[in-house]
Each structure stands twice: as structure tokens, then as C-alpha cells.
Amino acid sequence: MSDTPHERRYAIQGRRNSEAERVAYMIEHMSQNKAYRYAAERAGGDPDGVLLEQFRERFRRYRREWRGQPRRAIEQKLYGESFRQANLPPLCVDIETAAVCDLACPFCFRQWIATPDKLMREDLYRRIIDQCSAMGVPSVKLNWRGEPLLQPRLPQFIDYAKRAGILETIINTNAVTLDEHKSRALIEAGLDLVIYSFDGGSKTTYERMRVGRFKENHFEAVYTNIRRFARIRQEMGASFPRTKIQMILTEETFGEQESFFNLFDDCVDDVSVKAYTERGGKLSDLPQDVGAALKGFLQEHNIPESTAYWRDMEGNLFLAAGRLPCEQPYQRMMVTHDGRVSMCCYDWGMEYPIGYVDEEAFAEGDRQYEIIMEKARSGAKGFELLTNVKMPRRYIDPPKQVQSLDDIWNGDIVNDLRRMHLEDRLEEVPVCTRCPFKETYRWVKVELPNETAAR
């Protein structure tokens, strides 16, 4: 092993500088950003371009701060009163406009942790956006655990966020229902970024990885949807939304990276791959020979076999050599369909909620999760594959009261968690102890015999 651990490595990789291209694209096309256009309209115009330059600088600052804000906060050990005085807003709020999903991917948390099939109420969504606007939140992602295209009012939700001055609106989608009508509606609404999830560089692998939940899901149909979206955006003369596509790297998909890039290079703005993280499905991301070589290496060096590892897109293999304070409690918050708030996108079951922005979250309790368990046990349609699903655990019980996002972001619960991370006590936080998030580990490169890691 090399002697110096990497301080922070990121799980999403591409062939180009994705971040630089994203910033350059937004800056170049900022005049088409719907938040800017609404602001210029309210101002009676922007003949000198002063307002436009303010929007451009706001976006540059937002993207600099995405890594810069958590880095400074960690270096300065900000939590509690020192964090409140620093006046650092969340840089993104993930809003679960739809918790339901139309796929049953074998690697998804949904197959192992009960997840409600619910949509967010419009009044709750609007209150969240209003609070984001008041806090100066630059970005919102309109999904978390579900498929946002199943929210029938998604275009109206996007437009409301843009009217409120939200700089960047984002969705992650499987593109299964991305027909022509939805494509045009999303473009007209002012969506800024679409991130497609498409696992596999071939029909066989894709359909094995992306299983339909209520009906069969076919490679050709989804591929057509993504290519049609690009054509419609061009026909409409629109620059937005910028498009990105990601594939997770498993044993099956690792060898299909070239075909994956070839499928989408000419119709998606950014093509990338992402390290596989264990979500209960226990998919292999190492070929048998590499796995065997790794096991032998661990035994030879008396390293526990439970030690986290990572193989990147080039085949380089890394072992974990400790933990790092997580960036997420300094970057973002997640809000579920019923108003529960989380500090981490990997806390799928809301096992460590940090507060509530709506009384529905505690008035119903776990009823929606229990409904999923009941349907799974009965084998109801769309639940046949949930044979191993379990109720999420509840590690913390916040006061049953409605708070603002601002109060929760600066509250005692999340600040206590920040403190534990800064004191290198991640293992004392139950959801952090077993977290598979690659960015929370220090990585040391490993050279296995016969260069098996690169195969």
C-alpha cells in the first residue's frame, strides 16, 4: 500500500472535467435561466446586464462553495454557536416530490428498507421553496428516494422554484416515463439539470439492473426517451436543462464503460460513472479473481476482511484507512414527502431525522412504512420483489413540532452530529457507522499481485 492516504476522493468519475464544464455552460447560458428572466421581468429589464452578471457570480460562488464551504467548516471545526455565527446556508435542499418509484432495481435501498409510495402535497412543497428562497439556498433537487416524473405537478413545481429565485433546479430520473409531453413541459418549466440513471452499456445488462416494478422495463424504450429529449431541446432552441447520465460500476457494468460512453456521447452533455455503494443488494463490484486476490492481500497483512474498498473506473483499487468528517451536514438537507428532514442522502429510511417541517411527518408516524410492509408480505402487484424488505430503524426521536428549515439547519440535533464528525466520532452515530458513502473514507491505493485489480 502507498504511504499517504488520499484526503478526499469522489465517487463520480468521467472522461472530462465535469464540474468545470457545468459551470462554464451555466455561465454562458445564464440569460436563459428562468430565475434570471423572472428577476429581470420584475426589475423592468436589465439593459446594462448588471443583474445578469450578479446571477453569473452567484452561480460561480455556489459551485465554489459546494466543496469549499464544508472544507472550511471542517478545518475551522464549526458546530453549534460558531456554525450559527458563520451564517452558512445549505447549498442544496433535496425535496422528495415523489417517494414512489416505478422500478425495482436489485441494488436499490428500496428493496431492503421500506419506502412509502407517496407524493408530496403542493402546499408543503411551496412552503419549503419559500423557506429555501428566504435562506438564500441556490439549488434544489426535486427528488430523493423516488422517481420525480411520477409527480404530475413537477413542471409547476419547477416553475414555482424559479419564480422564487432558486438558481438551479435539478432532477435525477430513470427516464422510464419521459415521453414527448413531459419532455416539453420540463423544458418550458425552466428545469436546469437532468441527471439520468442508466445502468449498463448493453440491453442485457441494463434490463437486469433496471427491473420494472409494475411492468417490464425495456432498454430500447428508455434509450429512445433520452435521445428524443435531446432532439426536442434542440428543436425548441433551449439551452436548458443541461443533461448528465450516470452508470454505477458493478462487476457486470465495469467492462461496459466504453459502450456506455458511446451510447450517450452524442446526445447527453455529460457522461460519467459512479462507484458502487452497498445498499443491501450485495451486488459484486469485483471480478472473482480480483476479489480472491484482495482477500489474500487482507489476510497476508492482517487487515480485517470487513475493511471498505473501492475500485475506480480505471481499475485502481483502494482500501479505507480511516474516516473523514462527512461534507453533507455542511452542504445540504433532504426533506421527505411528509416533511421529515435528514442531513444525509444515504439515510434512506429516515433513521436519524433532524427535525420536521410539517406535522404530517409525526401525526402519521410510521403508518406509510407499515403499509409497504403489509403489501410486501401479501405479494401485492409491484411488491413481489420485496421479499427481504424491513422496517427502518429509529435511532433518534426529534421533538414532535414543526420547525423551519433554517431552525433545523442551525439546530442542536444536526450540530451535535457535526461535532461528533469533527471529533472523529463517526462510529458513535449509528447511521454513519455503516455508511457506504465513499467520500467519508481516507483511501490508500493497493497494488495486488499480477495487476488483477485493473481487469
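The sheet in this predicted model is an open one, built from 10 strands in the order S1-S7-S6-S5-S4-S3-S2-S10-S11-S12, with mixed pairing. At its edges are strand S1, residues 12–14, and strand S12, residues 355–356, each of which pairs on one side only. Against this sheet packs helix H5, residues 122–135, which touches strand S2 (92–95), strand S3 (139–141) and strand S10 (332–335), and the direction of H5 makes about 175° with that of S2.

If you look within the sheet at strand S6, residues 242–249, and strand S7, residues 270–275, you will find that the two run parallel and are joined by six bridges. In that pairing, Ile245 stands opposite Val271 in S7.

Let me turn now to helix H12, which covers residues 288–300. At 1.5 Å a residue, its 13 residues should span 18 Å, and since the C-alpha atoms at its ends are 18 Å apart, the expected and the computed lengths agree.

Which residues of H12 are buried? They are Val290, Ala293, Leu294, Phe297 and Leu298, and, seen down the axis of H12, the buried residues fall within an arc of 135°, so they line one face of the helix. The general background is that an α-helix has 3.6 residues a turn, so residues three or four places apart point the same way. On the other side of H12, Gln288, Ala292 and Glu300 are exposed.

As for what the buried residues of H12 pack against, the partners are strand S8 (309–311), strand S9 (317–323) and strand S13 (441–446). Finally, H12 is followed by Asn302, whose phi is positive, near 55°.

Conventions. Residues numbered from 1 in each chain as written. Predicted model: local features only at pLDDT ≥ 70, side-chain atom pairs only at ≥ 80, totals over all residues. Heavy atoms only, no water. Pairing = 2+ DSSP bridges. Helix = DSSP H or I, 4+ residues; strand = E, 2+ residues; numbered from the N terminus. Contact = heavy atoms within 4.5 Å. Axes fitted to C-alpha atoms, helices over the stretch in contact; angles between N-to-C directions. Expected span 1.5 Å × (residues − 1). Buried < 20%, exposed > 50% of the residue type's maximum accessible area, 1.4 Å probe, protein only. Arc of directions from axis to C-beta.
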